[in-house]
Number of protein chains: 2
Amino acid sequence: MGSGKTARMKTALLRTALLAAAALLPLAPSTVGAQTPKEVVDAATPDEWQEIAADDLVVMILTPDAAGDEREVVIQLMPEPFSANWVHNVRELARAHWWDGLSVYRSVDNWVVQWGAGEAEKPMPETIRDTSADDYTLNWESGILNTMWGSFGRRPAEETYDNMDGVGSWFNDPYSSAIGFAQGLPVASDLETQADAQGERINRPTEIWPVHCYASVGVARALAPSAGTGAELYVVIGHAPRQLDRNIAVVGKVIDGVEHLSVLPRGTGPAGVYETEAEHTQIISVRLASEMAEDERPRYRFLNPDSGSFADWAELKANRADAFYTVPAGGADVCNLSVPVEPVEDEAG
Amino acid sequence: MGSGKTARMKTALLRTALLAAAALLPLAPSTVGAQTPKEVVDAATPDEWQEIAADDLVVMILTPDAAGDEREVVIQLMPEPFSANWVHNVRELARAHWWDGLSVYRSVDNWVVQWGAGEAEKPMPETIRDTSADDYTLNWESGILNTMWGSFGRRPAEETYDNMDGVGSWFNDPYSSAIGFAQGLPVASDLETQADAQGERINRPTEIWPVHCYASVGVARALAPSAGTGAELYVVIGHAPRQLDRNIAVVGKVIDGVEHLSVLPRGTGPAGVYETEAEHTQIISVRLASEMAEDERPRYRFLNPDSGSFADWAELKANRADAFYTVPAGGADVCNLSVPVEPVEDEAG
């Protein structure tokens with residue numbers, strides 16, 4: 001049966017790889033002491049934050065909940081070149097107001113909540129692009145990422161594989177060789193070993209792909225070779241289903257309001273589809289922030305994974321030392337390193 | 001600052017460790033082909049299943065939902081000796097019907113839903129035991145586990161570290177050296193290297209502890225050194241918060257009805273506590289199945305992690321090859337290896 005045939009390198013090799021192949025996190029002196037991760041984020045300097053472009057933000061408004069409260073869900077789209085054709089389609093469908101009046105029709109516990117409609121159900125804009133499973137992964141190109149990232153960036157280069165204690169051991173992804181972030185959204189990579197000019201083994205990233213974490217948004221599809229259009233989307237509402245990585249297009253992540261989707265009653269029909277229309281949640285509108293009047297656009301920023309505060313934050317996430325914790329985990333997985341995002345306060349307000 | 005000082009060994013060493021220290025999964029020839037994991041579970045033989053003891057099942061009944069439907073949540077308790085004092089307390093509180101009339105008072109997205117009351121709020125049975133953070137972890141004892149488990153059990157012993165392709169690379173836990181199962185519930189372990197009689201390095205488990213996955217149930221507590229009594233419990237409703245491992249007592253896992261808790265509206269007060277009593281969900285009763293009349297007891301069984309079908313299932317979970325998947329993940333984390341559990345059909349029924 002099938003199995004991962006790509007050579008997977010381990011932590012020791014990764015350290016070398018990332019030193020060779022990508023910019024590293026600043027090795028700022030740790031000043032984190034018994035701070036909480038939140039305290040580190042709160043103390044980050046303005047230049048360590050990066051605002052998300054309005055064209056990368058999708059705003060979905062659902063009908064009000066039972067208490068009459070507004071339900072707004074904000075999705076950050078994957079940056080180019082990840083999932084580019086699907087992201088293009090999502091933008092085109094938003095511009096066409098295509099989802100308005102459709103609904104959330106599926107909810108499965110510890111799995112996904114799903115909305116939209118198939119192209120057979122509703123004609124789609126002519127600007128929709130064809131999609132292909134070939135584009136679930138990309139070949140490595142420098143410049144498409146924030147720092148490709150793991151514990152290695154925080155370890156002295158002379159550490160050997162046998163020296164496994166300390167924070168250096170905290171990066172071990174069962175699903176990839178290395179993790180990183182693209183505009184703050186999680187990605188993973190495989191590596192291959194090459195000889196450098198001196199005949200030393202170095203490891204370079206080969207394929208790179210977006211990963212599924214809690215709140216990740218992906219493109220529903222039929223059986224392969226269908227790759228989906230983007231007209232039906234799902235959000236992850238449980239433990240990261242990383243087995244979907246490289247099998248489905250990830251187009252972004254809900255950065256605000258995911259709770260409006262995660263609390264929806266679970267569907268009782270086949271595959272968690274609601275059995276009656278009455279159970280659906282109606283979509284009032286889906287818009288790109290860039291379509292909205294400038295003073296009505298939501299604005300968000302993420303803590304840049306290249307920043308020193310991010311490095312401190314991630315190390316603390318892996319090794320909590322504040323009052324609640326007595327044993328540091330000694331590790332963290334990419335989906336527990338959810339990049340801090342916050343609204344941008346209006347300077348005039 | 002604190003960091004994991006326990007020596008952590010990596011996959012290559014783990015393989016040796018588990019061959020040395022624990023029974024291994026049967027190396028049955030793979031017959032899984034393009035089956036789905038569910039098909040493997042459905043084809044498991046009766047002797048590969050193990051029924052959960054009635055004294056290890058806790059049944060919580062909530063008031064009916066808005067549609068008038070019953071809400072029943074079933075928790076499987078951790079077996080001895082894991083979290084033994086807390087599990088004792090949970091049984092005593094259930095026997096005293098202590099939770100009846102209390103409520104679910106907290107809900108935080110991608111984190112926990114919590115219920116019960118503090119001992120200051122309601123007098124507790126005299127049989128409640130003191131608890132200590134020292135008991136979050138156990139020293140290794142053989143016999144307390146189903147097989148301690150990783151990919152190594154499925155790899156030829158002669159494979160070397162440099163040979164990283166194939167399914168063998170799929171076990172890499174950033175939070176521990178090895179994963180396993182105790183009565184089907186997930187646990188993790190650290191290893192230490194020792195010399196055997198021939199002077200060869202072998203790796204033996206040292207500490208072992210229950211882990212937090214989706215649906216895991218833990219004991220809420222105040223700041224350390226408080227270790228909580230068990231009177232206030234939470235269930236995980238998001239990505240596995242493994243940083244809580246060894247910092248909180250895990251007492252079990254919801255094996256049925258977790259959706260009755262995961263869909264509850266998120267609290268808007270501090271720490272996700274509901275701001276009004278009206279938002280609470282009332283608990284009608286919490287009972288041990290062993291307290292219930294024999295013909296009213298719910299019965300469940302889990303697929304034994306020592307079984308060949310479990311091994312096939314886990315390998316398939318890590319390397320999906322059925323029609324929906326085009327790229328096998330090549331890995332799986334312990335929380336995506338949620339041990340299959342199903343109701344036991346009444347033979348007379």
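**Exercise 1. One helical turn in chain B**

Task: Explain why R95(B) and E92(B) are separated by about one helical turn.

Solution. Step 1: R95(B) and E92(B) both sit in helix α3 of chain B, residues 84-95, and they are three residues apart there, so about one helical turn separates them. Helices and strands here are DSSP runs (H or I over at least four residues for a helix, E over at least two for a strand), numbered from the N terminus.

Step 2: The two side chains form a salt bridge, with their closest N and O atoms 2.9 Å apart. A salt bridge means a side-chain nitrogen of Lys or Arg within 4 Å of a carboxyl oxygen of Asp or Glu.

Step 3: Now check the surroundings of each partner. E92(B) has a relative accessible area of 16% and is buried, while R95(B), at 39%, counts as partly exposed. The cut-offs are under 20% relative accessible area for buried, over 50% for exposed, and partly exposed in between, using a 1.4 Å probe and protein chains only.

**Before you go on**

This is a predicted model: local features need pLDDT of at least 70 and side-chain atom pairs count only at pLDDT 80 or more, while totals for chains, interfaces and linings use all residues. Residues are numbered from 1 along each chain as its sequence is written, chains are lettered from A and ligands numbered from 1 in the order in which they are written, and side-chain values use heavy atoms, leaving out hydrogens and water.

**Exercise 2. A small sheet in chain A**

Task: Find the order of the strands in the open sheet that holds β1, β15 and β16 of chain A, and say which strands stand at its edges.

Solution. Step 1: The open sheet has three strands in the order β1-β15-β16, and their pairing is antiparallel. Two strands count as paired if DSSP finds at least two bridges between them.

Step 2: The edges belong to β1 (49-51) and β16 (341-343) of chain A; each has a single partner strand, so one side of each is left without a neighbour in the sheet. From one strand to the next, the twist averages 30°. For such angles, axes are lines fitted to C-alpha atoms (for helices, over the stretch in contact), and values run from 0 to 180 degrees between N-to-C directions.

Step 3: Look at one pair. β1(A) and β15 of chain A (residues 300-303) pair in the antiparallel sense over three bridges, and Q50(A) stands opposite F302(A) in β15(A).

**Exercise 3. Salt bridges across the chain**

Task: For E51(A) and for R95(A), work out which residue each one bridges to and where the partners lie.

Solution. Step 1: E51(A) forms a salt bridge with R299(A), with 2.8 Å between the closest N and O atoms. This pair links distant parts of the chain, 248 residues apart: E51(A) is in strand β1 of chain A, and R299(A) is in the loop between β14 (281-288) and β15 of chain A. Both are partly exposed, E51(A) at 37% and R299(A) at 33%.

Step 2: R95(A) forms a salt bridge with D55(A), and here the closest N and O atoms are 3.6 Å apart. The partners are 40 residues apart, with R95(A) in helix α3 (residues 84-95) of chain A and D55(A) in the loop between β1 and β2 (57-62) of chain A. R95(A) is partly exposed at 38%, as is D55(A) at 27%.

Step 3: For the overall picture, the count over all chains comes to 22 salt bridges.

**Exercise 4. A serine in a loop**

Task: Is S307(A) buried or exposed, and which backbone atoms does its side chain reach?

Solution. Step 1: S307(A) lies in the loop between β15 and α5 (308-318) of chain A. At 7% relative accessibility, S307(A) counts as buried.

Step 2: The S307(A) side chain reaches the backbone oxygen of N304(A) at 2.7 Å and the backbone nitrogen of F310(A) at 3.1 Å.

**Exercise 5. Backbone details**

Task: Which residues does a cis peptide bond join in chain A, and what is phi of Q183(B) and of A215(B)?

Solution. Step 1: In chain A, the cis peptide bond joins E80(A) and P81(A), with omega about 0°. P81(A) lies in the loop between β3 (71-77) and α3 of chain A. In chain B, a cis peptide bond joins E80(B) and P81(B), again with omega about 0°.

Step 2: Phi is near 50° for Q183(B) and near 80° for A215(B), each a positive value in a residue other than glycine. Q183(B) is in the loop between β8 (178-182) and β9 of chain B and is partly exposed at 27%. A215(B), in the loop between β10 (201-210) and β11 (216-219) of chain B, is buried at 5%.

Key
A polar contact is a pair of N or O atoms within 3.5 Å; within protein, one must be able to donate a hydrogen and the other to accept it, and residues adjacent in sequence count only if both atoms are side-chain atoms.
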